[in-house]
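Reader: I'm new to reading protein structures. Could you walk me through this one, a question at a time?

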Amino acid sequence: MTDTHRPETDLGPHTDSADHTTWTAEESEAWSRRIARSPLPVDEDAPSSGDMQLEERTALRRVAGLSTELADVTEVEYRQLRLERVVLVGVWTSGTATQAENSMAELAALAETAGSEVLDALVQRRDKPDTATYIGSGKANELRDVVLATGADTVVCDGELTPAQLNALEKVVKVKVIDRTALILDIFAQHATSREGKAQVAFAQMEYMLPRLRGWGESMSRQAGGRAGSNGGVGLRGPGETKIETDRRRIRERMAKLRREIKGMKQARDTKRERRLESTTPNIAIVGYTNAGKSSLLNALTGSGVLVQNALFATLDPTSRKSTLEDGRAIVLTDTVGFVRHLPTQLVEAFRSTLEEVTDADLLLHVVDGSDPLPVDQIKAVREVIMDVVKENDAPMPPELIVVNKVDAADPVQLTQLRGLLPGARFVSARTGEGIAELREHLGEILAWPEAEIEVLIPYTRGDLVARIHSEGRIKASSHEADGTHVEARVPNALASVLSEFAYDTVTA
């Protein structure tokens with residue numbers, strides 16, 4: 001074996017021709033912790049946070065061709081094995097052939113986003129999925145032949161399978177089977193970065209996993225109570241708690257802990273949201289289908305460097321940025337998690353505190369991918385999720401402005417059809433900047449609020465009020481006098497009532 005040479009620096013255990021020191025698991029873990037705590041040099045020319053996140057994701061790629069064979073694993077360990085080479089299978093129950101093909105194309109994109117290599121895909125036309133194997137016994141045997149021919153190690157189903165369907169299909173195809181829900185949960189687990197996002201994804205995964213636990217090999221009776229049936233006394237004899245019961249109990253305990261943590265994080269988020277609501281600065285929530293270009297539009301409108309990636313569910317944590325309209329007024333734009341058809345209910349429940357940002361918005365900027373083959377279906381899927389969140393919070397539906405993005409990559413004929421189907425929509429390209437200036441002007445028009453003319457003399461001790469006038473109003477004239485700042489402006493009625501005691505005529509009288 002050829003030794004690996006490394007620079008002669010103090011980098012912990014190493015291997016050279018004289019000393020064949022090897023890394024143990026404990027040394028590797030300890031050294032990882034040491035590296036994590038080490039201060040890093042500051043680079044003034046370092047890329048933005050979005051670029052750094054993109055490089056980090058690109059660097060973390062799964063190695064194809066590797067597998068792990070375990071004779072006795074729990075269901076949790078089994079489901080956490082890495083996806084590698086997959087075959088897709090779907091059931092076409094309704095809709096057109098184009099819709100069925102588009103759904104499979106979306107499933108392929110999801111699998112690739114999760115780090116898998118898609119080898120083949122099968123679609124079966126049925127009135128409803130088979131209750132036993134999801135696709136029926138004949139198609140299941142055909143799927144087994146495809147798995148053998150392609151060398152796949154995973155089958156991904158375009159739907160949510162029951163535990164019985166999952167078990168029966170795996171017995172036929174002899175490889176791991178996952179459904180659309182598990183695949184989306186896997187992507188969320190990879191992309192979650194914040195503490196709240198990781199906790200929400202972990203809770204959703206456990207909620208999905210709990211009813212699907214089962215025993216493997218000898219793990220069903222790994223423990224024995226009392227003295228394994230000998231003289232343990234009354235109440236202490238018997239098989240004891242089986243391994244699967246232990247797994248279920250631990251998952252329930254972990255879910256209860258995560259539920260408490262998420263509740264505590266929600267309180268902190270509510271406090272921040274209440275502060276924003278107290279301000280008269282308009283709050284705009286950017287919503288839409290996954291990979292529709294929401295983060296790109298946020299960057300185009302605010303000039304920020306939020307992570308942009310041509311992948312599904314690149315954004316999981318809401319990001320708020322401040323911007324200024326053409327008339328000088330400030331607005332706050334919040335980028336939210338993208339939606340998808342058949343979004344798992346576990347994720348909707350887990351991310352409910354995040355989705356509540358939508359209900360408190362003054363305006364929903366609904367971003368649609370103009371280059372998608374079925375953009376109208378995207379709009380319907382997004383509106384379904386938003387309506388569910390609005391109903392759960394018993395809140396009114398915020399006004400909506402549809403923004404068709406990626407017009408530079410869209411078919412001109414389809415864009416013409418969309419202009420007829422979506423009157424009042426704005427057509428932009430966040431990548432090239434086309435239509436962005438017109439969108440900002442339109443936002444200034446629809447976000448106009450009742451204003452009042454004021455002329456006030458603000459004492460120098462109340463600089464906070466002067467700052468509010470600058471951020472929330474439009475100043476006509478301003479000068480500094482002996483007793484304070486003389487300002488003539490147009491401000492919202494709410495701010496005008498606060499400034500009434502500093503009216504110029506009253507103060508100077």
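Reader: Let's start with Leu 166: is this residue buried or exposed?
Author: Keep in mind that we're looking at a predicted model. Leu 166 has a relative accessibility of 3%. The cut-off for buried is under 20%, so Leu 166 counts as buried.

Reader: Which helix does Leu 166 lie in, and how far in space is Tyr 134?
Author: Leu 166 belongs to helix H6, which covers residues 163-173. Along the sequence, Leu 166 and Tyr 134 are 32 residues apart. In space, C-alpha to C-alpha, the two are 8.3 Å apart.

Reader: Just past that helix there's a loop with Lys 174. What is the phi of Lys 174, and is Lys 174 buried or exposed?
Author: Lys 174 sits in the loop between H6 and strand S4 (176-179). Most residues other than glycine have a negative phi. Lys 174 isn't a glycine, yet its phi is positive, near 65 degrees. With 58% relative accessibility, and the cut-off for exposed being over 50%, Lys 174 counts as exposed.

Reader: Where is Lys 406, which also has a positive phi?
Author: Lys 406 is not a glycine either, and its phi is about 65 degrees. Its place is the loop between S9 and helix H14 (412-421).

Reader: Now some helix packing. How are H4 and H7 oriented to each other?
Author: Helix H4 (residues 97-113) and helix H7 (residues 180-191) have axes 9 Å apart, at an angle of about 40 degrees. That angle is neither under 35 degrees nor within 65 to 115, so the pair counts as oblique. As for the handedness of the crossing, H4 passes H7 in one that is left-handed.

Reader: What classes of residues make up the contact of H4 with H7?
Author: On the H4 side, the residues include Glu 106, Leu 107 and Leu 110. On the H7 side, they include Arg 180, Leu 183 and Ile 187. By class, the contact has 6 nonpolar, 4 polar and 2 charged residues.

Reader: And how are H10 and H15 oriented to each other?
Author: Their axes come within 10 Å and cross at roughly 80 degrees. Angles of 65 to 115 count as roughly perpendicular, so that is the word for H10 and H15: roughly perpendicular.

Reader: Which residues make the contact between H10 and H15?
Author: By class, the contact holds 5 nonpolar, no polar and 1 charged residues. H10 brings Leu 297, Ala 300 and Leu 301, while H15 brings Ile 436, Leu 439 and Arg 440.

Reader: What covers the buried residues of H15?
Author: H15 runs over residues 436-446, and its buried residues are Ile 436, Leu 439, Arg 440, His 442, Leu 443 and Gly 444. The cover includes helix H10 (294-302) and several strands, among them S5 (283-288), S6 (319-324) and S8 (363-369).

Reader: Back to H10: which of its residues does UniProt list under "binding site"?
Author: The UniProt record, an unreviewed entry, places that feature at Ser 295 and Thr 315. Ser 295 is buried, because its relative accessible area is 9%. The residue that lies in helix H10 is Ser 295.

Reader: Zooming out, how many helices and strands are there, and what share of the residues is buried?
Author: The secondary structure of the protein chain comes to 18 helices and 13 strands. Among contacts between residues at least 6 apart in sequence, 67% join residues at least 24 apart. Of the 509 residues in the chain, the buried share is 45%.

Terms used: Residues numbered from 1 in each chain as written. Predicted model: local features only at pLDDT ≥ 70, side-chain atom pairs only at ≥ 80, totals over all residues. Heavy atoms only, no water. Buried < 20%, exposed > 50% of the residue type's maximum accessible area, 1.4 Å probe, protein only. Helix = DSSP H or I, 4+ residues; strand = E, 2+ residues; numbered from the N terminus. Contact = heavy atoms within 4.5 Å. UniProt positions renumbered as here; feature names shortened; annotations may be inferred. Axes fitted to C-alpha atoms, helices over the stretch in contact; angles between N-to-C directions. Parallel < 35°, antiparallel > 145°, perpendicular 65-115°, else oblique. Left-handed = near helix turned anticlockwise from the far one by under 90°. Nonpolar A, V, L, I, M, F, W, Y, C, P; charged D, E, K, R; others polar.
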